[in-house]
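Dear colleague,

Please find below the structure that I am handing over to you. A summary of what was found in it follows.

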Amino acid sequence: MISFIIPCYNAEKTIIFLLDSITSTMYIPYEVICVDDGSTDQTSEIILRYAESHSRIRLINQKNSGPSAARNAGIIEAKGDWIMFADSDDTYCKEGLVRLQKEVENNPNAELHVFQYKEVKLSKETKVGSNSDESIPVKTFLVKEYEKNEYLYIHSCWNKVYRKENILFEFMNDIKLGEDAIFNAHYMANIKEVNICGTVLYNYKWGGQSLSHSDKSCKEVWEAYLMIYMSISCMLKKFGLMEISAIVFKRYYIGTINEYIKKKNITKDDKQTLKCMLTNARWISQIEIDGNDSAFERLLILFLQHGIYIAALWLCDVQRWRRKRLINKENI
């Protein structure tokens with residue numbers, strides 16, 4: 001049986017579409033566990049009404065504790081051999097769910113199924129993920145996807161199907177950024193094979209209920225990214241892939257700097273965090289220029305490698321000013 005786990009918070013406008021996408025397509029045994037995370041709207045009432053005509057729908061209510069706590073509550077209650085996660089403002093693709101059920105039936109000993117997903121951003125849709133249909137070692141999967149820079153495809157939890165008995169590490173409740181990546185790093189470190197399915201399973205609405213980084217300080221973002229990196233690094237070390245670990249570190253290091261550049265308002269703490277990052281010799285020693293870097297990133301890394309920290313800080317502020325000016329032009 002498959003257990004769908006759906007954290008819900010003020011999802012009265014979207015939850016029906018997700019539930020319909022599941023109940024209209026599933027033909028093998030399944031259950032849907034909706035965990036209402038302290039909603040202040042009609043989310044629970046809508047789910048209960050839906051459950052009156054769909055006996056496989058269950059509702060759990062909890063005080064507002066975040067999506068990680070909601071997923072953990074769902075895992076505890078799940079009766080299925082297989083676990084799936086969904087966000088309450090997204091939907092499943094019919095073709096993907098049909099394919100999923102066949103894969104589960106035909107591969108009873110698989111440890112993880114990974115599907116494509118469709119990123120829906122405004123009116124644009126982008127298909128993300130491998131077109132392959134194959135079962136490969138986890139190490140091979142990680143090398144292929146990290147080289148393609150498909151971080152969301154690797155780290156997200158809604159395009160995957162997990163064997164419940166292999167879930168040995170729950171979602172971390174004390175972080176609000178990157179909990180999916182940490183969960184997947186621990187899960188994949190303890191399995192051997194990945195069944196890749198070149199079919200779109202899920203419609204992911206970019207910016208729907210996803211937590212924005214803009215409301216976080218640069219310190220919060222960097223500390224969260226370091227925690228994510230450490231979990232991923234431990235997984236990669238287990239598979240002897242430390243050269244990829246350096247690439248991952250660079251991704252999060254540059255990513256935090258880009259968050260600084262995108263912030264609407266900069267605080268003294270943000271500035272202090274950036275200075276700390278730009279003057280930490282140990283962190284800088286892990287950063288190398290490669291062919292995927294933008295002109296800004298190449299120049300920034302060059303300044304850092306030569307110890308010209310004042311120029312690196314100046315460059316970040318210039319980049320931030322240029323971005324702000326471009327946005328203002330577009331809004332005119």
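Which residue in E10 is the bridge partner of Glu134? The partner is Ile196. Please bear in mind throughout that this is a predicted model.

**Strand E10 and its partners**

Strand E10 covers residues 193-205, and 10 of its 13 residues are buried, so the rest of the structure largely encloses this strand. The pairing with strand E8 (residues 134-137), to which Glu134 and Ile196 contribute, consists of 4 bridges, and the two strands run antiparallel. Strand E6 (residues 112-121) is joined to E10 by 8 bridges, in a parallel arrangement. Within that pairing, Val120 has Lys205 of E10 as its bridge partner. Strand E5 (residues 91-92) is also joined to E10, through 2 bridges, and these strands run antiparallel. Here Thr91 stands opposite Asn203.

**Salt bridges**

How many salt bridges does the structure hold? The count is 14. Three of them are described here.

The side chains of Arg58 and Glu31 meet at 2.9 Å, N to O. This pair links distant parts of the chain, since Arg58 belongs to strand E3 (residues 57-62) and Glu31 to strand E2 (residues 30-37), 27 residues apart. Arg58 has a relative accessible area of 24% and is therefore partly exposed, whereas Glu31, at 5%, is buried. Both residues also belong to a network of salt bridges that includes Glu77.

A second salt bridge joins Glu103 to Arg99, with the closest N and O atoms 2.7 Å apart. Both residues lie in helix H4 (residues 94-106), where they are 4 residues apart, about one turn of the helix. Glu103 and Arg99 are both buried.

The third is formed by the side chains of Lys250 and Asp293, at 2.8 Å from N to O. Lys250 lies in helix H9 (residues 242-262), while Asp293 lies in the loop between helix H11 (281-284) and helix H12 (295-305), so the salt bridge ties together parts that are 43 residues apart in sequence. Lys250 has a relative accessibility of 9% and so counts as buried. Asp293 is likewise buried, with a relative accessible area of 12%.

**The second largest pocket**

The second largest pocket holds about 220 Å³ of space. It is lined by 11 residues, and those closest to its centre are Ile175, Lys176, Lys216, Glu220 and Ala224. What is the make-up of the lining in nonpolar, polar and charged residues? The lining has 5 nonpolar and 6 charged residues, and no polar ones.

Ile175, one of the residues closest to the pocket centre, may be described further. Where is Ile175 found? Its position is in the loop between strand E9 (160-163) and helix H7 (179-188). Is Ile175 buried or exposed? With a relative accessible area of 11%, Ile175 is buried, because the cut-off for a buried residue is under 20%. Apart from its neighbours within four places in sequence, Ile175 is in contact with Ile182 and Met227. The C-alpha atoms of Ile175 and Gly66 are 9.4 Å apart in space, although these residues are 109 residues apart in sequence.

Yours sincerely

Definitions and conventions:
Residues numbered from 1 in each chain as written. Predicted model: local features only at pLDDT ≥ 70, side-chain atom pairs only at ≥ 80, totals over all residues. Heavy atoms only, no water. 1 Å grid on protein atoms, 1.4 Å probe; cavity = no way out; pocket = protein on both sides within 12 Å on 5 of 7 lines; lining within 4 Å. Points joined across faces, edges and corners; volume = space filled by probe spheres on them. Nonpolar A, V, L, I, M, F, W, Y, C, P; charged D, E, K, R; others polar. Buried < 20%, exposed > 50% of the residue type's maximum accessible area, 1.4 Å probe, protein only. Pairing = 2+ DSSP bridges. Salt bridge = Lys/Arg side-chain N within 4 Å of Asp/Glu carboxyl O. Contact = heavy atoms within 4.5 Å.
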